[in-house]
Protein chains: 2
Amino acid sequence: MTSVVAGIDIGGTNTKIGLVSAEGKIIASNTLSTAKYVQFPDYIDAISSAINDLMIAQDAQLKAVGIGAASANYKTGCIEHAANLPWKGIEPICKELSGRLGVPVYLENDANAAALGELKYGAARGLEDMVMITLGTGVGGGVISHGKLIHGANSCGGEVGHLRIDYSDNARQCGCGSQGCLETYCSATGVVRTAKEMYGDSKQALTSLEIYNAACSGDQTAIEIFKTVGKQLGRAMALIIQVTDPQAIVLFGGLAAANKFFMPSLEEEMNKNIMPVLRGKCKVLISTLNGADAAILGAAATIPTNVLNN
Amino acid sequence: MTSVVAGIDIGGTNTKIGLVSAEGKIIASNTLSTAKYVQFPDYIDAISSAINDLMIAQDAQLKAVGIGAASANYKTGCIEHAANLPWKGIEPICKELSGRLGVPVYLENDANAAALGELKYGAARGLEDMVMITLGTGVGGGVISHGKLIHGANSCGGEVGHLRIDYSDNARQCGCGSQGCLETYCSATGVVRTAKEMYGDSKQALTSLEIYNAACSGDQTAIEIFKTVGKQLGRAMALIIQVTDPQAIVLFGGLAAANKFFMPSLEEEMNKNIMPVLRGKCKVLISTLNGADAAILGAAATIPTNVLNN
């Protein structure tokens, strides 16, 4: 029987479950509606059953489960007061699932899981010191030093979306309550804000995908919008480099696809704002994992390597 | 016979050597001129003899040596191309000293050693995630996560003096070659620059100590100068918090003595520029080690704990 682990990515809309082989291949997967399970015990039933069904179909032996989720407390193994999940309290997901499946269960917040996934299975394989930046609806991140996640005192290590990169009085207001955060420029919503500023009233309510398509068609304003993304991301990456000096920073998420438009201004601004001795040292990589796989592999990567060898 | 370790702090002018007991007490110490030993082998002779003399006088047994120095490569155990030391090449100080003294020798850059010293013997005792910022002629730092130094890919982890905290076009030029760095505001020389701007031609060539004394005497301009220090330091600390989420940031160095003048503006600016969920979480501490002891204890703290227990 093949030994496998399961990776579970819990999103506000869907939960992706996959069985991952020792070689890092997803051999089977399934998707459940997260939102449907308003009661936490029902959700546990559903994901336990889904994993068992996959195991039976593959005739595989389960060694461990790894979970990536928002509002995850890796220390307690609980999902705590999640804003975008149906259960609002403190839910001991690791304990519950471990009880059902009889294997150890690990939990990390989704951006940290993504960083581990990139380290174990993706563009950062073989590195010891790397940073992951996820460019999605918001901007998240995970920082790895000496091969380990920097969790920090409040599990907020790597919250690079809220690095301030604009100190002007009229710096953009961020959803977090602060001002001038990276996320106000380099998320999908940040790009839409820049577009509104740059197009003025001439165009309205463009999505970030439409702006990307416009840039691909040679629209100069759209191209300028991505230059702004690159400049602000370059500033933030310079700050990260001065704090942790990573071998590489990996970009992931929808916006990363636009890298041909933002990479030149990103590298220029990043190198301008670090010590000259560090210029050109940190690689800027684009994730090599595709979206759906990345979430499952990231979740699976939260399982410590030694667990697989037992 | 008492078991001790030796801590060696190599500065451009002087080298401080101390024997440190298992309880973290400096039981004997000595100071040599660094500048006097133009030839590296002569310097090794001098520090080996100094340690042996201290050992004989104390009738102690040496278990290991730890060194803090500028331009230290902790991986190779060499001092490499030091700008402010007499030897300009790559000097294998760990290998040489270990050969002479017959014990393991460890090396870290001085700011990292200071962070370890604070963690092991000072204000950060018992913490796992902390950051040290040294406010001297320049601004240095060391970042500790999960109890370990973040060295980074190029041994530049924790170079927080070169975090950019001013993006205006006329941001101050830094000695590193970049612009708007923390160091241009929050070092002794940075304070002097601010003083020149604020006093204009009315006063000239004040030292940072004179400015501190003026603030103590109630000089409003001097007090404003330290408010600027606090504001810029608060910005940098906010950035560090967003990347590594430490339990505490410890301030060390001459300027730290002026904390009563800069702490209010520091805490205000720091909390303004981090995610609201993190506000008030990270402690700002002032080093509890005195200057001369701190350097020796920091150097001694580079020795891994398990070495002492053998």
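Let's start with a term: a residue counts as buried under 20% relative accessible area, as exposed over 50%, and as partly exposed in between. Keep those cut-offs handy as you look around this predicted model.

Try them out on chain B. At 42% relative accessibility, B:Arg100 falls between the two cut-offs, so this residue is partly exposed. Its partner is B:Asp45, and the two side chains meet in a salt bridge, 2.6 Å from N to O. This pair links distant parts of the chain: B:Asp45 sits in helix α1 (residues 40–58) and B:Arg100 in helix α2 (residues 93–101), 55 residues apart. B:Asp45 comes out as partly exposed too, at 34%.

Chain B has another salt bridge to look at, between B:Asp9 and B:Lys16, where the closest N and O atoms are 4.0 Å apart. Here B:Asp9 has a relative accessible area of 13%, so it counts as buried, while B:Lys16, at 27%, is partly exposed.

Now hop over to chain A. The side chains of A:Glu197 and A:Arg172 form a salt bridge, with 3.2 Å from N to O. What does this pair tie together? A:Glu197 belongs to helix α5 (residues 188–199) and A:Arg172 to the loop between β11 (148–149) and α4 (183–186), so the bridge joins parts of chain A that are 25 residues apart in sequence. The two ends sit in opposite settings: A:Glu197 is exposed, at 58%, whereas A:Arg172 is buried, at 6%. Chain A also has a network of salt bridges, which links A:Arg235, A:Glu269 and A:Lys272. Over all chains, the count comes to 12 salt bridges.

So how many of these cross from one chain to the other? Zero salt bridges are found across the interface of chain B and chain A. What you do find there is 20 residue pairs in polar contact, both residues having pLDDT 80 or more.

Time to look at that interface itself. Each chain puts in residues: 43 from chain B and 43 from chain A. Together the chains bury about 3,600 Å², with 59% of it on carbon and sulfur atoms. On the chain B side, B:His146, B:Tyr167 and B:Val243 supply 20% of the buried area, more than any other three residues. The elements of chain B that give two or more residues to this side are β10 (139–145), β11 (148–149) and α7 (220–244). Helix α7(B) gives the largest share, six residues. By type, this side divides into 19 nonpolar, 15 polar and nine charged residues.

Notes:
Residues numbered from 1 in each chain as written. Chains lettered and ligands numbered in written order. Predicted model: local features only at pLDDT ≥ 70, side-chain atom pairs only at ≥ 80, totals over all residues. Heavy atoms only, no water. Helix = DSSP H or I, 4+ residues; strand = E, 2+ residues; numbered from the N terminus. Buried < 20%, exposed > 50% of the residue type's maximum accessible area, 1.4 Å probe, protein only. Contact = heavy atoms within 4.5 Å. Buried area = accessible area lost by both parts, 1.4 Å probe. Polar contact = N/O pair within 3.5 Å; in protein donor to acceptor, adjacent residues only side chain to side chain. Nonpolar A, V, L, I, M, F, W, Y, C, P; charged D, E, K, R; others polar.
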